[in-house]
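Here are some short exercises on charged pairs and surface side chains, each with a worked solution. Have the coordinates open and try each task before reading on.

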Amino acid sequence: RGELEDQWPESIVRDRKGGQGTDGRVTPARPILVVNKLRQPLLQVLNEARQARVSIDIKPQSNATQEDADLRQDLIRSIEVKSKANQARLWALDRAMQCGRGFYRVIKEYSNDGDFDQDLVITAILNQGCVYLDPFAQKPDFSDMEWAILTTDLPES
């Protein structure tokens, strides 16, 4: 994190803060340097991801035509642009780099108040600690998981 307590023992921090000692002498405060060695590499990876503009790419397989793939690609691109999917992906990447876990999800939302039409929306999950994944998934990217649980903390009132 690059915080004072992460790089210096408590006894050294206490000694360098200065103040009046047990013998009555006043010691001036001395500086304590903290050098965050993780911030620069993390920002470099995040900036590379911003420039990459990751998105879903559809390629036709077996008996599908290129026209069908183009139609689906246009639909997915529309969903990504409307829901600002790039921001959700960057948030998940940032959390994954700092904490080891980052998530975003695809959900359905009602498009209007008067009818029952729904749109797909890509949203960021702000608290990666509230996501619980299938512990029996075998693949490292969890592509074979069967379920995931998203919890929410509620106030007692």
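**Exercise 1.** Determine how exposed Arg 77 is, and find its salt-bridge partner.

*Solution.* Start with accessibility: Arg 77 has a relative accessible area of 42%, so it is partly exposed (buried is under 20%, exposed over 50%, partly exposed in between; 1.4 Å probe, protein chains only). The model is predicted: local features need pLDDT of at least 70, side-chain atom pairs count only at pLDDT 80 or more, and totals for chains, interfaces and linings use all residues. Residues are numbered from 1 along each chain as its sequence is written, and side-chain values use heavy atoms, leaving out hydrogens and water.

Next, the partner: Arg 77 forms a salt bridge with Asp 74, at 3.2 Å from N to O. The criterion is a side-chain nitrogen of Lys or Arg within 4 Å of a carboxyl oxygen of Asp or Glu. Asp 74 is also partly exposed, at 44%.

Finally, the spacing: the two residues are three apart in helix α4 (residues 66–82), so about one helical turn separates them. Helices here are DSSP runs of H or I with at least four residues, strands are E runs of at least two, and both are numbered from the N terminus.

**Exercise 2.** How many salt bridges does the whole structure hold, and are Arg 89 and Glu 80 buried or exposed?

*Solution.* First, the search of the whole structure finds five. One of them joins Arg 89 and Glu 80, with 2.7 Å from N to O. Then check the cover: both Arg 89 and Glu 80 are buried.

**Exercise 3.** Describe the salt bridge of Asp 57.

*Solution.* The partner is Lys 59, with the closest N and O atoms 2.8 Å apart. Now the accessibility: both Asp 57 and Lys 59 are exposed.
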